[in-house]
Amino acid sequence: MAYATLLTEVEGAVALITLNRPEALNALNDQLMNELTEVLDSYEADPEIRCVILTGSTRAFAAGADIKAMRTQSYMDAYMGDFITRNWERAATFRKPIIAAVAGYALGGGCELAMMCDFIIAAENAQFGQPEITLGVMPGAGGTQRLTRFVGKSKAMEMCLTGRRIAAEEAERCGLVSRVVATDQLLTEAWEAARKVASMSLPITMMTKESVNAAYETSLSQGVMFERRLFHSMFATADQKEGMAAFVEKRPAAFRHE
């Protein structure tokens, strides 16, 4: 299906979604977020898709929310329209693994969207920031919450209170991104990582994602118990039997995703 603000590509078990509003540095507006929600819904329902890459352009992953589209909203417009909640959180609730491949600007909503993904691979030219304070507001799509969990209180507070951007190297150093790669190799590296993820058992990768995410929502003892119960449940899957048999027999596993 063709989208006005996205480009999509599927290769094997991996889908690539490219934000495509070049005239606005991929600024996130209602149309883009509605279309992103729609395509993620379709990929979640597609049993052949086992990993998704979300990316933008070399110049900008997404330079933020579309300020021109939101500047005239009133409180009642935002509240009654369920602004952001209505169509921005789909990447965060996507059940399958999703990787953000970030080059250029990932600012404001762009940084928040990247953080909704499971991990971020950053190009050397990537810049991350939450500059909303300079517009007379604060981050509203999880920036004060997810950023703090990623980088800690002090750095998150500085970024949110001053609008300071951080480059890819600093983002890796503070735990915001998993690794930094050459800008011209970003998609190559993202595809390689996604194919690796997609080669694993889909139900097992989904449960693993649930368990890691639970670490941010629960106490340690509750999180460990959640992990243990999921681990126990994996012994009911065909893929656990196949994976361990393949290891013992010294051959590649042929997962059936069941």
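The chat below goes through a predicted model of one protein.

Biologist: What am I looking at, and how many helices and strands does the protein have?

Modeller: This is a predicted model, not an experimental one. The protein has 12 helices and 10 strands.

Biologist: How compact is the protein for 258 residues?

Modeller: Its radius of gyration is 19 Å, and the globule rule gives 18 Å for 258 residues; the two are close, so the protein is as compact as a globular protein of that length. Along the principal axes, the C-alpha atoms fill a box of roughly 60 × 45 × 40 Å.

Biologist: What share of the residues counts as buried?

Modeller: The figure is 44% of the 258 residues. As for the outside, the protein exposes about 13,400 Å², and 57% of that comes from carbon and sulfur atoms.

Biologist: And the contacts, what part joins residues at least 24 apart?

Modeller: That part is 67%, counted among contacts between residues at least 6 apart in sequence.

Biologist: Charges next. How far apart are the mean positions of the positive and negative ones?

Modeller: They are 4 Å apart, with 26 positive and 32 negative charges in the protein.

Biologist: OK, strands. Is S2 enclosed or open to the outside?

Modeller: S2 is largely enclosed by the rest of the structure, because six of its six residues are buried. Strand S2 covers residues 14-19.

Biologist: Which residues sit on which side of S2?

Modeller: Val14, Leu16 and Thr18 are on one side, while Ala15, Ile17 and Leu19 are on the other. Both faces are covered, and these residues are all buried.

Biologist: Why do they split into two sets like that?

Modeller: Side chains in a regular strand alternate between the two faces of the sheet.

Biologist: Which way do S1 and S2 run, parallel or antiparallel?

Modeller: They run antiparallel, and six bridges join S1, residues 6-11, to S2. To find the pairing on screen, look for Leu6, which stands opposite Leu19 in S2.

Biologist: What is at the turn in the hairpin of S1 and S2?

Modeller: Two residues lie between the strands, and Gly12 takes a positive phi near 65°.

Biologist: And S2 with S3, parallel or antiparallel?

Modeller: Those two run parallel, joined by five bridges. Val14 stands opposite Cys51 in S3.

Biologist: How many residues of S3 are buried?

Modeller: Five of its five, so to speak the strand from 51 to 55 is mostly covered. Cys51, Ile53 and Thr55 point one way, Val52 and Leu54 point the other way, and all are buried.

Biologist: Switching topic. Which strands form the open sheet, and in what order?

Modeller: The order is S4-S6-S8-S9, four strands with mixed pairing. The edge strands are S4 (60-62) and S9 (166-167), each of which pairs on one side only.

Biologist: How many bridges join S6 to S8?

Modeller: Three bridges join S6, residues 105-107, to S8, residues 127-129, and the two run parallel. Leu107 stands opposite Gly129 in S8.

Biologist: Now the loop between H3 and H4. Which residue there has a positive phi of about 55°?

Modeller: That is Asp82, which is not a glycine. Asp82 is found in the loop between H3 and H4, where H4 spans 90-93. Asp82 is partly exposed, with a relative accessible area of 38%.

Biologist: What about Ile84, buried or exposed?

Modeller: Ile84 is buried: its relative accessible area is 14%, and the cut-off for buried is under 20%. Ile84 lies in that loop between H3 and H4 too, and has a positive phi of about 75° although it is not a glycine.

Biologist: Where is Met76?

Modeller: Met76 is in helix H3, residues 75-80. Met76 is partly exposed, at a relative accessible area of 44%.

Biologist: How far is Met76 from Glu89?

Modeller: They are 13 residues apart in sequence and 21 Å apart in space, C-alpha to C-alpha.

Biologist: Last one, Asn29. What is Asn29 in contact with, leaving aside neighbours within four places in sequence?

Modeller: With those left aside, Asn29 is in contact with Arg21 and Asp66. Asn29 is found in the loop between S2 and helix H1, residues 30-45, and is buried, with a relative accessible area of 13%.

Conventions
Residues are numbered from 1 along each chain as its sequence is written. This is a predicted model: local features need pLDDT of at least 70, side-chain atom pairs count only at pLDDT 80 or more; totals for chains, interfaces and linings use all residues. Side-chain values use heavy atoms; hydrogens and water are left out. The radius of gyration is taken over C-alpha atoms; the globule rule is 2.2 Å times the number of residues to the power 0.38. Buried means under 20% relative accessible area, exposed over 50%, partly exposed in between (1.4 Å probe, protein chains only). Contact means heavy atoms within 4.5 Å. Accessible areas come from the Shrake-Rupley method with a 1.4 Å probe; for residues, only the protein chains shown count as cover. Lys and Arg count as positive and Asp and Glu as negative; His and the chain ends are not counted. The place of a charge is taken as NZ of Lys, CZ of Arg, CG of Asp or CD of Glu. Two strands pair if DSSP finds at least two bridges between them.
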